[in-house]
Amino acid sequence: MQNLLQPGAAVTASSSSSSSSRAQLRRPSRVSVRASASSSSAPRRETDPRKRVVITGMGLVSVFGNDVDAYYARLLAGESGVGAIDRFDASGFPTRFAAQIRGFSSEGYVDGKLDRRLDDCHRYALVAAKKALESAGLAPDSNAMDKIDKERAGVIVGSGMGGIRAFSDGVENLVTKGCRKISPFCIPHAITNTGSAMVAMDSAVGFRGPNYSISTACASSNHCFHNAADQIRLGRVDVMVAGGAEAAIVPIGLGGFVACRALSQRNDDPGTASRPWDRDRDGFVMGEGAGILVMESLEHAMKRDAPIIAEYLGGAVNSDAHHMTDPRPDGSGVSTCIKRSLEEAGVAPEEVNYINAHATSTLAGDLAEVKALKQVFRDTSQIKLNSTKSMIGHCLGAAGGLEAIATIKAITTGWVHPTINQFNPEPALDQFNTVRNVKQQHEVHVGISNSFGFGGHNSVVVFAPFKP
């Protein structure tokens with residue numbers, strides 16, 4: 001399967017080809033693909049409009065609201081979304097702050113009865129997915145949506161922890177009231193695939209193609225993008241809704257990360273707690289939300305005259321196979337993942353001039369990622385490197401989705417957001433422009449977005465401006 005996507009393996013044909021020739025083009029022989037891939041050492045991007053993957057819609061739920069433009073405007077302004085937790089009594093925890101969403105409403109997007117039952121994780125997924133479809137010109141009950149072949153449209157929405165509040169409530173009822181008081185929705189609304197399922201089965205969506213969820217901790221969203229693109233390039237679907245959602249700012253979620261000693265304890269100044277690459281960082285800050293993309297084959301997008309925002313060039317996933325929570329100190333797993341993503345994208349390292357880093361504000365993770373970047377990018381003089389997490393915290397399974405949107409907005413606006421809270425930068429960052437504290441104007445040629453998860457899950461996705 002991987003060979004089908006290697007640079008140099010593209011097969012092209014006119015859109016008027018017969019159905020038999022289309023089938024042949026979608027299933028080239030392994031021999032011919034390998035020969036094509038080995039015949040040229042230069043990176044080569046996909047040219048077949050059936051295999052080029054474009055972004056036609058974006059939707060999100062974030063600590064900065066549910067509008068993509070407003071979200072990015074606040075990132076560009078360098079605002080911090082971090083503050084004291086008031087959703088529950090956090091006074092007994094050593095960490096008492098997070099990038100908590102306040103005032104969220106799903107009105108107009110989720111049925112009232114369902115809204116009252118769902119875990120926030122799945123409410124966020126539904127709202128973000130429907131907003132992404134609206135952005136793509138596929139609003140519910142629209143003529144464009146009616147024309148979609150729903151057998152060739154799918155959903156892959158991931159989550160690291162799923163409906164953790166729904167599960168926690170079930171456990172509490174079991175302990176305090178007995179098993180008969182557990183909600184029948186406890187398990188259906190706790191499992192990680194519920195977000196994907198809910199999006200597809202929504203009466204306004206009804207996509208009947210591939211539908212599943214990927215849970216690779218904080219790498220979940222990027223894994224979903226990578227798999228969605230594969231579904232398109234293999235000719236199985238025309239359009240995919242993909243991304244991630246998370247809502248883990250609940251007592252057991254906070255307590256669990258406290259037990260891992262992963263969180264910052266800067267309770268006296270939470271707005272400066274998330275400080276990637278700063279020598280005084282003391283852990284990450286929990287965030288939440290959802291980030292969803294509509295991904296389509298270029299051929300399908302052009303046929304329906306869809307708004308094309310950017311292009312997904314490729315991606316890669318691999319494993320550190322090292323430690324449950326710590327990355328490989330030498331960055332070798334991450335560097336390999338980045339190299340493979342660029343190979344699949346048909347991009348040389350010299351073409352990349354923007355990196356949205358994983359950069360969580362942890363002692364080990366931040367420096368391991370920098371080591372990996374140095375192994376791939378020899379000349380960093382043209383690269384802008386930043387961390388969205390410095391402002392919205394670490395949104396776990398949704399992080400890659402929200403950061404992919406930030407990457408695409410950097411491409412479309414020509415502005416990259418700052419990395420805030422850069423007070424005392426690590427010397428290892430000397431050769432990088434981390435967009436310290438203030439936004440910078442920058443024409444992005446190729447941007448990558450990194451996401452890594454507990455368990456050694458590495459994922460990298462590659463985006464670029466769309467060029468017909």
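Helices here are DSSP runs of H or I with at least four residues, strands are runs of E with at least two, and both are numbered from the N terminus. With that in hand, here are close-ups of a predicted model.

**View 1. Arg 261, in the loop between helix H10 and strand S7.** Let's start in the stretch that links H10 (251–259) to S7, where Arg 261 is found. What is the sign of phi at Arg 261? The angle is positive, near 60°, and this residue is not a glycine. Most residues other than glycine have a negative phi. Arg 261 has a relative accessible area of 77%, so it counts as exposed, the cut-off being over 50%.

**View 2. Asn 421, in the loop between strands S11 and S12.** Here we move to the loop that runs between S11 (415–416) and S12 (440–441), home to Asn 421. Phi is positive at this non-glycine residue too, with a value near 65°. Is Asn 421 buried or exposed? It is buried, because its relative accessible area is 6% and the limit for buried is under 20%.

**View 3. Strand S1 and its two antiparallel partners, S7 and S8.** Strand S1 spans residues 53–61 and is mostly covered, with 9 of its 9 residues buried. How many bridges join S1 to S7? There are 8, and S7 (residues 289–297) runs antiparallel to S1. To find your place along this pairing, look for Val 61, which stands opposite Ala 290 in S7. S1 also pairs with S8 (residues 310–319), again in the antiparallel sense, over 3 bridges. A handy landmark for this second pairing is Val 54, with Glu 311 of S8 opposite.

**View 4. The second largest cavity and its lining.** A search of the whole structure turns up 3 cavities of 30 Å³ or more. The second largest of them holds about 40 Å³ of space. Which element gives the most to its lining? That is S8, with 3 residues. Glu 311, Tyr 312 and Leu 313 are among the lining residues, and so are Arg 45, Glu 46, Arg 52, Val 53, Arg 233 and Ala 345. By residue class, the lining of this cavity has 5 charged residues, 4 nonpolar ones and no polar ones. If you have just come from View 3, you will recognise Glu 311: this lining residue is also the one that stands opposite Val 54.

Methods:
Residues numbered from 1 in each chain as written. Predicted model: local features only at pLDDT ≥ 70, side-chain atom pairs only at ≥ 80, totals over all residues. Heavy atoms only, no water. Buried < 20%, exposed > 50% of the residue type's maximum accessible area, 1.4 Å probe, protein only. Pairing = 2+ DSSP bridges. 1 Å grid on protein atoms, 1.4 Å probe; cavity = no way out; pocket = protein on both sides within 12 Å on 5 of 7 lines; lining within 4 Å. Points joined across faces, edges and corners; volume = space filled by probe spheres on them. Nonpolar A, V, L, I, M, F, W, Y, C, P; charged D, E, K, R; others polar.
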